[in-house]
Each structure stands twice: as structure tokens, then as C-alpha cells.
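User: Please take a close look at one part of this model, and then explain step by step how the rest of the chain is built around it. I am a first-year student, so please give the cut-off for each term as you use it.

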Amino acid sequence: MTAVSNVIVFRPRPANQGLRRPGTLIRAAREGQKTWKRDRDLPRLLRSDRCPAPGAVLSRLRAEEQIQNDLRVTQAAEYDLRRHVLLVIAILAEMRAAIDAAPMPATAIAL
């Protein structure tokens, strides 16, 4: 007799997978990119005295955004839409700033 397993195996999701959020939230964040000023807005969002190096706080921003997203999904009273949009704006801006701050590979310079 053959035993049939009733366990479904799912592939683990990669840690660096992109954000999957509602279109309205992403559109608001993209629109907010126009007025985002890193030196002014990032320290205020992080409740910090100074602005960190580009890309240095991406993991913290993603963790805080995940908390806000969990609150949104569960419809918790503590959910702050304004902070959620600001966190997504900051994530998009920091990703761009980290790319801009990264040194160019030697092969790209030679071309």
C-alpha cells in the first residue's frame, strides 16, 4: 500500500523580493518622489538627528513598512496611512540613492 502525503510544499520566497502593495499606495509614493528631499525628510521619518549614508537604512525602512502593511491588512486602528506612504517613498528614494552612490564597475567605465 502506498502512503500519499497530504503536505503541500511551497518554495520559499526570496528575502530580496520586491514590494507587492496596492496600486494606489505605489502611485501615491511615486507622486511623493517629486517633493522628497532626502536631507530634510529621511531624518524626520527615522526620528534621527542626521541623515545616514545612502542605502544604509533600507532594511530598517523595509521592516517599518512591513509593520505598517501588516496593520493595514489587519485593519488595525493603529494603522497610519500617511506614515505608510512616507515609508514607501523613502524606500524607493533610498534604493535609487544607493544605486547612484555605488561605484561604477571598471568594465562600464572602459566602454
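Analyst: Arg-47 counts as exposed because its relative accessibility is 67%, where exposed means over 50% relative accessible area, buried means under 20%, and partly exposed lies in between, all with a 1.4 Å probe and protein chains only. This is a predicted model, in which local features need pLDDT of at least 70 and side-chain atom pairs count only at pLDDT 80 or more, while totals for chains, interfaces and linings use all residues. Residues are numbered from 1 along each chain as its sequence is written, and side-chain values use heavy atoms, with hydrogens and water left out.

Arg-47 lies in the loop between helix 2 (38-46) and helix 3 (58-73); helices here are DSSP runs of H or I with at least four residues, strands are runs of E with at least two, and both are numbered from the N terminus. Its backbone deserves attention, since Arg-47 is not a glycine and yet has a positive phi of about 55 degrees. In general, most residues other than glycine have a negative phi. Gln-75, which is not a glycine either, also has a positive phi, near 55 degrees, and this residue sits in the loop between helix 3 and helix 4. Gln-75 is exposed, with a relative accessible area of 72%.

The helix that ends just before Arg-47 in the numbering, helix 2 (38-46), leads to the packing inside the chain. Helix 2 packs against helix 4 at an angle of about 130 degrees, with the two axes 11 Å apart; each axis is a line fitted to C-alpha atoms over the stretch in contact, and the angle, from 0 to 180 degrees, is taken between N-to-C directions. This angle makes helix 2 oblique to helix 4, given that under 35 degrees counts as roughly parallel, over 145 as roughly antiparallel, 65 to 115 as roughly perpendicular, and the rest as oblique. Helix 2 contributes Arg-38, Leu-42 and Leu-45 to the contact, while helix 4 contributes residues including Arg-83, Leu-86 and Leu-87, contact meaning heavy atoms within 4.5 Å.

Helix 3, on the other side of the loop that holds Arg-47, includes Gln-68. With a relative accessible area of 9%, Gln-68 is buried, and, leaving aside residues up to four places away in sequence, it touches Tyr-79, Asp-80, Arg-83, His-84 and Leu-87.

Helix 4 (residues 81-101) also includes Ile-89, which counts as buried at 5% relative accessibility. Beyond residues up to four places away in sequence, Ile-89 touches Ala-29, Gly-32, Gln-33 and Trp-36. Ala-29 and Gly-32 are among the buried residues of helix 1 (residues 23-32), together with Leu-25 and Ile-26. Seen down the axis of helix 1, these buried residues fall within an arc of 125 degrees, so they line one face, the arc being that of the directions from the helix axis to the C-beta atoms. They pack against helix 4, whereas the face turned away from the buried side carries the exposed Thr-24, Arg-27 and Arg-30.

Taken as a whole, the chain has five helices and zero strands, and buried residues make up 30% of its 111 residues.
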